[in-house]
Amino acid sequence: MSVEPVEQVKRSTGMPVVTTLAAAATYYSVAPGIRLNVRSGPGTGYPIVRTLSEGARVAIHCQTPGTRVTGPYGTTTIWDNIASGQYISDAYVNTGSDGYIRPRCS
């Protein structure tokens, strides 16, 4: 996934300052003490592509329904897309909500 500039403004020096979508991203904490498996799709049947370390924080790009999972933050079928082809169960992410907080993945 690439990050494209969304706005360009001039500083008082006349030099452009580039603002990106990445700079505006909100990051959410993974449950304390958890090394979380990241999967290639929204479910426990998808292959593990990597593991997040303890104390990880993630930006959620979109969310989609998938396998029901129980974790520190409840039981849910919501899966968070954190990068292209990378999903984690929302049951392990402190979003402050039991529902969707980002748009559905297309």
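## The main nonpolar core

Start in the middle: eleven residues make up the largest nonpolar core, namely Tyr28, Val30, Leu36, Val38, Leu52, Ala56, Val58, Ile60, Ile82, Ile88 and Val93. Two elements, β3 and β4 (36–39), are the ones that give two or more residues to this core. A separate core of six residues lies apart from it, and Cys62, Val69, Trp79 and Cys105 are among its members.

If you want one residue to click on in the eleven-residue core, try Leu52, which is one of its members. Setting aside neighbours within four places in sequence, Leu52 is in contact with Val30, Ile34, Arg35, Leu36, Val38, Val58, Ile82 and Ile88.

## How far to trust the model

Keep in mind that this is a predicted model. The mean pLDDT of the protein is 86, with 77% of its residues at 70 or more. Residues 1–11 are another matter: the pLDDT over this stretch is below 50, although the model gives it 24 contacts beyond near neighbours in sequence.

## Overall make-up

The secondary structure is quick to list: zero helices and ten strands. Reading from the N terminus, the elements go β-β-β-β-β-β-β-β-β-β.

Of the 106 residues in the protein, 32% are buried. The protein exposes about 6,400 Å², and carbon and sulfur atoms supply 49% of that area. As for contacts between residues at least 6 apart in sequence, 42% of them join residues at least 24 apart.

## The three-stranded sheet

One open sheet has three strands in the order β6-β3-β10, with antiparallel pairing. Its edge strands are β6 (57–59) and β10, each of which pairs on one side only. Strand β3 (residues 27–30) pairs with β10 over two bridges in the antiparallel sense, and Ser29 stands opposite Asn94 in β10.

Just ahead of one edge strand, Gly55 sits in the loop between β5 (48–52) and β6. Gly55 counts as exposed because its relative accessibility is 59%, where exposed means over 50%. Along the chain Gly55 and Val30 are 25 residues apart, yet their C-alpha atoms are separated by 6.4 Å. That puts the loop residue beside a name from the core list, as Val30 belongs to the eleven-residue set.

## The β7–β8 hairpin

Strands β7 and β8 (residues 74–83) pair in the antiparallel sense over seven bridges. Two residues make the link in this hairpin, which joins β7 to β8. Within the pairing, Pro65 stands opposite Ile78 in β8.

Two residues help to fill in the picture. Thr64, in strand β7, is buried because its relative accessible area is 15%, and buried means under 20%. Not counting residues up to four places away in sequence, Thr64 touches Pro42, Thr77, Ile78, Trp79, Tyr87, Tyr100 and Cys105. On the other strand, Gly74 is found in β8 and is partly exposed, with a relative accessible area of 27%. Leaving aside neighbours within four places in sequence, Gly74 is in contact with Val69 and Ala91. Gly74 also lies 8.8 Å from Asp90, C-alpha to C-alpha, and the two are 16 residues apart in sequence.

## The disulfide

A search of the whole structure turns up one disulfide. The disulfide joins Cys62 to Cys105, with an S to S distance of 2.0 Å. The link of Cys62 and Cys105 is right-handed, at 95° about the S-S bond.

Cys62 lies in strand β7 (residues 62–71) and Cys105 in the segment after β10 (93–94), so the pair ties together parts that are 43 residues apart in sequence. A disulfide is a covalent bond between the sulfur atoms of two cysteines. Both ends are tucked away by the accessibility numbers: Cys62 counts as buried at 13% relative accessibility, and Cys105 is buried with a relative accessible area of 19%. The cut-off for buried is under 20%, so the 19% of Cys105 passes. Both cysteines also appear among the six residues of the second core, and Cys105 is one of the residues that Thr64 touches.

Note on methods. Residues numbered from 1 in each chain as written. Predicted model: local features only at pLDDT ≥ 70, side-chain atom pairs only at ≥ 80, totals over all residues. Heavy atoms only, no water. pLDDT = per-residue confidence, 0-100. Contact = heavy atoms within 4.5 Å. Disulfide = S-S within 2.5 Å. Helix = DSSP H or I, 4+ residues; strand = E, 2+ residues; numbered from the N terminus. Buried < 20%, exposed > 50% of the residue type's maximum accessible area, 1.4 Å probe, protein only. Areas by Shrake-Rupley, 256 points an atom, 1.4 Å probe, with all protein chains shown as cover. Pairing = 2+ DSSP bridges. Core = buried A, V, L, I, M, F, W, Y, C linked by side-chain atoms within 4.5 Å.
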